[in-house]
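Colleague: I am new to this structure and would love a close look at one part of it. Could you take me through the strands and how they pair, and then the charged side chains around them?

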Amino acid sequence: MYFTYKDISSIEKGLRLIEFSPPSKAEEKTENISIPGRAVSRTTYKREYKNSKKPLKFALFDRSNYRDILAWLDGTGKLVFSDEPNKLYSVHMSGEAVCTRISDDIIEVETEVTFEPFAYSATPTTAEIATVYTAVENIGTVFSEPIFEITLQKNDAPILMGDVNFDGKVTPTDASLVLAEYTRIEAGEEPTFTPEQFAAADMNGDGLITPSDVAAIMEVYSESATENPNAPAQNIVLDVNGEKLTVGIPNAVISNGFTVTVDCGLKLIYYTAADGSKVNILQYSYGDLPLLHTGINYIKYTGENVSSLTVTVNERWR
């Protein structure tokens, strides 16, 4: 047997395993509550699970890459065992590595690996969700924390004047971009704006980009600075087994066709802007982030302008 850690095989590193196995079953966290007048305390099971530790012992026959291997077996990463290639573990290796010289050429190394409570699917199930209930199976042995991706249809509304980076709002960033484009043009360089960006930047409609357009953009920003650009313009409601989560969708998402991610594991809801940045909108949503129980789950959504809505089950085993 061999293992892969951080996408590198132990065979590639020249390790011969002596002892290393995945954890059998994570221990569930409990809380004991003393009740006055009752002889025995009450035990509450919290549906939370403890990390576990397992020894890793191997022999190294090539001492030339000894330090390289110790650096590789450090920090946090994904681990896959060769006899269970369809599952992966999140592990952390930060403890001491005890090295014993067996001979001039052979070193035995022993360390400890901390496993997070679950094994995860290396290829998690993904399903398309519709406005009627879709049956989605969680084949894991414990509830999962899914990820939903909600992609909105791009709105054909008129261009928001001054919004040259198309993030749904007018900010000093737009003014800086326009000033930089003006400087390039004045220096005789080729313009970089697309026709749509040029149209958004030409605030006075004179067919040119000038400092007056920059000033106009800053004036628009000053007037709208007290407004919240991420305030929801509409809602998408996720219905998972009858439990509902309402996701507030900002105007920037609707006007640009951005994707909203509901990550139930990270406890985050955000959209990805045009520049790749993640914008948190959890505060504009309400309801519990859904979990998927083992077996068949029924999921649907209600809302408008949805181009696609998918769920990644993130199956896990305890």
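Modeller: Happily; here is a walk through the strands, followed by the charged pairs and a few other side chains.

A word on the ground rules comes before the tour. This is a predicted model, in which local features need pLDDT of at least 70 and side-chain atom pairs count only at pLDDT 80 or more, while totals for chains, interfaces and linings use all residues. Residues are numbered from 1 along each chain as its sequence is written, and side-chain values use heavy atoms, with hydrogens and water left out.

Let us begin with the open sheet. Six strands build it in the order E11-E20-E13-E16-E17-E18, with antiparallel pairing. Strands here are DSSP runs of E with at least two residues, numbered from the N terminus, and two of them pair if DSSP finds at least two bridges between them. At the edges sit strand E11 (126-128) and strand E18 (278-280), each of which pairs on one side only. On average, neighbouring strands of this sheet are turned by 25° against each other, direction ignored; the axes behind that angle are lines fitted to C-alpha atoms, and angles run from 0 to 180 degrees between N-to-C directions. Within the sheet, strand E13 (residues 147-152) and strand E20 (residues 306-312) run antiparallel and are joined by six bridges. Here Ile150 stands opposite Leu309 in E20.

Now look at strand E7 (residues 75-81), which is joined by three bridges to strand E1 (residues 3-5), running antiparallel. Thr4 faces Val80 of E7 in this pairing. E7 is also joined to strand E8 (residues 87-93), again antiparallel, by five bridges, and there Leu79 stands opposite Tyr89 in E8. A hairpin through five residues connects E7 to E8.

On to the charges. Side chains of opposite charge can pair when their charged atoms come close. The structure holds eight salt bridges, each a side-chain nitrogen of Lys or Arg within 4 Å of a carboxyl oxygen of Asp or Glu. One of them links Lys87 and Glu84, at 4.0 Å from N to O. Lys87 counts as buried because its relative accessibility is 13%, where buried means under 20% relative accessible area, exposed over 50%, and partly exposed in between (1.4 Å probe, protein chains only). Glu84, at 25%, counts as partly exposed.

Another salt bridge joins Lys50 to Glu27, with the closest N and O atoms 3.4 Å apart. Lys50 lies in the loop between strand E5 (42-49) and strand E6 (52-60), and Glu27 in the loop between strand E3 (15-19) and strand E4 (28-33), so the pair ties together parts that are 23 residues apart in sequence. Lys50 is partly exposed, at 35%.

In the pair of Lys244 and Asp239, the closest N and O atoms are 3.5 Å apart. Lys244 is exposed at 53%, whereas Asp239 is buried at 5%. Finally, Glu145, Lys267 and Arg316 are linked in a network of salt bridges.

Two last stops remain. By the rule that a disulfide is a pair of cysteine sulfur atoms within 2.5 Å, the count comes to zero. Cys99 is partly exposed at 32%, and Cys264 is buried at 1%. As for Ile296, this residue is found in strand E19 (residues 295-302) and is partly exposed at 37% relative accessibility.

Definitions and conventions
Helices (H or I, at least four residues) and strands (E, at least two) are DSSP runs, numbered from the N terminus.
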